[in-house]
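Please consider the following structure with its annotated span, its surface patches and one position in its interior in mind.

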Amino acid sequence: MSESDKKLGQLRNSIDEIDSELIELLKRRNALTSQVGELKSQTGMPIYVPSREAEMIAARRQEAEQKSVSADLVEDVLRRVIRESYRSQHANYLCINPDIQKVVVIGGAGALGKVFVDLFRQSDYVVEVMEKDDWQRADAIFKNADLVLVAVPIKLTIGVIEKLNALPKQCILADITSVKDEPLQAMLNAHAGPVVGLHPMFGPDTPGMIKQVVVVCDGRMSDNYEWLLEQMRTWGAVLHRSSSQSHDSAMAFIQVMRHFSTFVYGQHLKEEDPNLQELLMFSSPIYRLELAMVGRLFAQEPVLYADIIFNKEEGLALLKRFHTRFGEALKLVETHDKQAFIQQFNETKEWFGDYAKQCLMDSKQLLLSADDSQLLRKT
């Protein structure tokens, strides 16, 4: 063995020792964050405190720069470690309102409904799940219920709500449907007590509610369901209040248009039938991520997206306008009008403003974080 090989071996052994030390440090850190989680569960403190996380990362970045270590590297590592610590902290949560006798989740065996069932049970609430075969004993299920949460598919939501006209007076009626105006009005018509519309802006594959946005559309008697909102904050949620009309208008852009565009893109790929693996080989990391988002859609249940896209006439009108603009843009290519293309590009760039620059930086950061994942590997 040459002298250089010996030296390389010694350096590698030293690196291995440091890596082992890192693992031991992470073990010690996890033990401490578990204690933090226990304390938070006893006091009702929220798992996610944005100001605390921001201060911690800023301090560690400054420390890294002082020691000539990449601040971006330190932030990447810290964010991954912090994300894991949140997961280890949320085994149990404080029950914000111990006076609640029972929570009923209609559709609690479904994917998203089950997330809420688990969270309520982790907070020591008595939870009963109601499914379609349980309506014959509805009176017994709803008796003493202080919260009824509707967590069924969009197409069933209004029909289920219309059956809920005999709930206890003090009972809160809520739903977690991705459309809000019609369900909220249906709940107000069906129940004279407290009513609130909720939209969790995450899917059932998300582990809990930490750092997740939940839209709140107030209905009636908001003081009566303030404990529910505080419970979600304790679970780590970020709440955003909105009118049901504003919510549905935004969802037309965020959900209907994006899902439909992704559907058409995937459908077009299927009809053109290119070699998918070859496309991946020829794609840069950012385009592999974009293709992954298309594949993600088609890995899920079609009825969910059909219900969202086909739900409202307003969504259809938006898609028609998008179709018109797509045709107008295609006309520029057909007529080789590059100048008009550049002009429209610059006008849209101006409309996005500083957000476009932020997106450029965010996407670079995302690619750096994902660079070692299976998603971006070409072999």
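Residues 101-363 are 57% helix and 13% strand, and the C-alpha atoms at the two ends of this span lie 47 Å apart. Helices (H or I, at least four residues) and strands (E, at least two) are DSSP runs, numbered from the N terminus. An unreviewed UniProt entry assigns to residues 101-363 the feature "domain: Prephenate/arogenate dehydrogenase"; such annotations may be inferred rather than shown by experiment.

The model is predicted: local features need pLDDT of at least 70, side-chain atom pairs count only at pLDDT 80 or more, and totals for chains, interfaces and linings use all residues. Residues are numbered from 1 along each chain as its sequence is written, and side-chain values use heavy atoms, with hydrogens and water left out.

Helix α13 (residues 313-334) contains Phe326. This residue is exposed, because its relative accessible area is 55% (buried means under 20%, exposed over 50%, and partly exposed in between, with a 1.4 Å probe and protein chains only). Together with Phe322, Leu330 and Val333, Phe326 makes a nonpolar surface patch of about 390 Å². Patches consist of residues with over 30% relative accessible area and no salt bridge (a side-chain nitrogen of Lys or Arg within 4 Å of a carboxyl oxygen of Asp or Glu); nonpolar side chains (Val, Leu, Ile, Met, Phe, Trp, Tyr) are joined within 5 Å, like charges within 9 Å.

Is Ile309, in helix α12 (residues 302-309), buried or exposed? Ile309 counts as buried because its relative accessible area is 14%. Ile309 and Val214 are 95 residues apart in sequence, and their C-alpha atoms are 21 Å apart in space.

Terms used:
Accessible areas come from the Shrake-Rupley method with a 1.4 Å probe; for residues, only the protein chains shown count as cover.
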